[in-house]
Amino acid sequence: MTEEVAQQIPQHVAIIMDGNGRWAQKRFMPRSYGHKKGVEATKRAISFYARAGVKQLTLFAFSSENWNRPKDEVSTLMSLFISSLEKNTQELNANGIRIRFIGDRTAFSQKLIDQIEQSELQTLHNKAMTLNVAANYGGQWDILQAVQKLALKVEKGDLKPAQISADILSGELSLGDSPNPDLFIRTGGEKRISNFLLWQIAYAEMFFTDVLWPEFSAEIMQQSLDIFASRQRRFGKTAEQLSDV
Ligand code: IPE
Ligand code: IPE
Ligand code: MG
């Protein structure tokens, strides 16, 4: 019998994958090269966290504000989404990973929309881990679309304004059927949320690293889990209350 206590693993990890452009520019390469390398880091992260026992992984791939980047960078990113899904859906499926997209997909090309739908459908029944890809996503957009759905219910007479609770609003958000993220990670050195999941990270533990996304390694991923396990989550209570069980 081993005395080792199992490490507390976050059920849901959310990541802002940042730093692709700077990684490439440091090497005097175009930013698109950084995005290509970023896809490899993304694959490593998916397999690492799935193996660690994480049940939901939410990755910020493209924000609603990223449309404001130079045209050729946006089109490189769109092509990369299509080719990554074409190349990797089969492997995700073989590993029991369900993929789904959150965000306003109507702005994408029909080709990308079709590929997203196909990848979602192909992996729909997988249970090992759910991979949520946030693309054309914004935390404010998410709250607004939830509020609009609730307003429609009120208009139809199916809901009274006083019945709107945190749980009811949560249920209309993009990840309404998932537990909130326990661990929030941002690579690339910036310490901001950049309109990622706003409502859902109310009590997430934050892990910021200067490591640029293409260099996100197993070592740093393990560090994120170790740091998470070392934190005491109090949810507003005192430390004494928590040890009083
Ligand atoms: C993150 O890397 C990828 C996307 C936003 C699509 P960046 O492209 O933001 O890289 P930096 O922050 O400019 O280095
Ligand atoms: C956030 O990164 C969006 C993604 C990683 C997809 P940005 O690089 O767009 O964020 P800012 O502009 O530095 O806040
Ligand atoms: Mg960035």
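Me: Which residue of strand 4 is the bridge partner of Leu59?

Reply: This is a predicted model, in which local features need pLDDT of at least 70 and side-chain atom pairs count only at pLDDT 80 or more, while totals for chains, interfaces and linings use all residues. Residues are numbered from 1 along each chain as its sequence is written, chains are lettered from A and ligands numbered from 1 in the order in which they are written, and side-chain values use heavy atoms, with hydrogens and water left out. Strands (E, at least two residues) and helices (H or I, at least four residues) are DSSP runs numbered from the N terminus, and two strands pair if DSSP finds at least two bridges between them. The bridge partner of Leu59 in strand 4 is Val133.

Me: How many bridges join strand 2 to strand 4?

Reply: Strand 4 covers residues 129–137 and runs parallel to strand 2. One position of this pairing sets Leu57 opposite Leu131 of strand 4. The number of bridges that join strand 2 to strand 4 is 7.

Me: Which residue of strand 2 stands opposite Ile15?

Reply: Strand 1 (residues 12–16) is joined to strand 2 by 5 bridges, and the two run parallel. Within strand 2, the residue opposite Ile15 is Leu59.

Me: Which residue of strand 4 stands opposite Arg100?

Reply: Strand 3 (residues 97–102) and strand 4 run parallel and are joined by 6 bridges. Opposite Arg100, strand 4 places Asn132.

Me: Why is strand 2 described as largely enclosed by the rest of the structure?

Reply: A residue is buried under 20% relative accessible area, exposed over 50%, and partly exposed in between, with a 1.4 Å probe and protein chains only. Strand 2 spans residues 56–63 and is largely enclosed by the rest of the structure, because the number of its 8 residues that are buried is 7.

Me: How many of the 9 residues of strand 4 are buried?

Reply: Thr130 is found in strand 4, and at 10% relative accessibility it counts as buried. Contact means heavy atoms within 4.5 Å; leaving aside neighbours within four places in sequence, Thr130 is in contact with Lys55, Gln56, Leu57, Arg98 and Arg100. Strand 4 is mostly covered, and of its 9 residues the number buried is 9.

Me: Which helix gives the largest share of the largest nonpolar core?

Reply: A nonpolar core is a set of buried Ala, Val, Leu, Ile, Met, Phe, Trp, Tyr and Cys residues joined through side-chain atoms within 4.5 Å. The largest one has 39 residues, and those with the most contacts inside it are Ile15, Tyr49, Leu57, Leu131 and Phe216. The largest share of this core, 7 residues, comes from residues 71–94, which form helix 3.

Me: How many residues does the other core have?

Reply: Ile15 of the largest core touches residues that include Tyr49, Leu57, Trp213 and Phe216, not counting residues up to four places away in sequence. Apart from that core lies another, with Ala14, Ile16, Leu175 and Phe184 among its residues, and its size is 12 residues.

Me: What arc do the buried residues of helix 7 cover around the axis?

Reply: Helix 7 consists of 13 residues (218–230), and its end C-alpha atoms are 18 Å apart, which agrees with the 18 Å expected at 1.5 Å a residue; the expected span is 1.5 Å times one less than the number of residues. Its buried residues are Ile220, Met221, Ser224, Leu225 and Phe228. They lie on the same side of helix 7, because the arc they cover is only 150°, taken from the directions from the helix axis to the C-beta atoms.

Me: Which elements do the buried residues of helix 7 pack against?

Reply: On the other side of helix 7, Glu219 and Ser230 are exposed. The buried residues, in turn, pack against helix 2 (31–52), strand 5 (183–186) and strand 6 (205–208).

Me: What is the radius of gyration of the chain?

Reply: The chain comprises 8 helices and 6 strands. The radius of gyration is taken over C-alpha atoms, and the globule rule is 2.2 Å times the number of residues to the power 0.38. For 245 residues that rule gives 18 Å, so the chain is as compact as a globular protein of that length, its radius of gyration being close to this at 19 Å.

Me: What percentage of the residues of the chain count as buried?

Reply: The C-alpha atoms fill a box of roughly 60 × 55 × 35 Å, taken along the principal axes. Of the 245 residues of the chain, the share that counts as buried is 44%.
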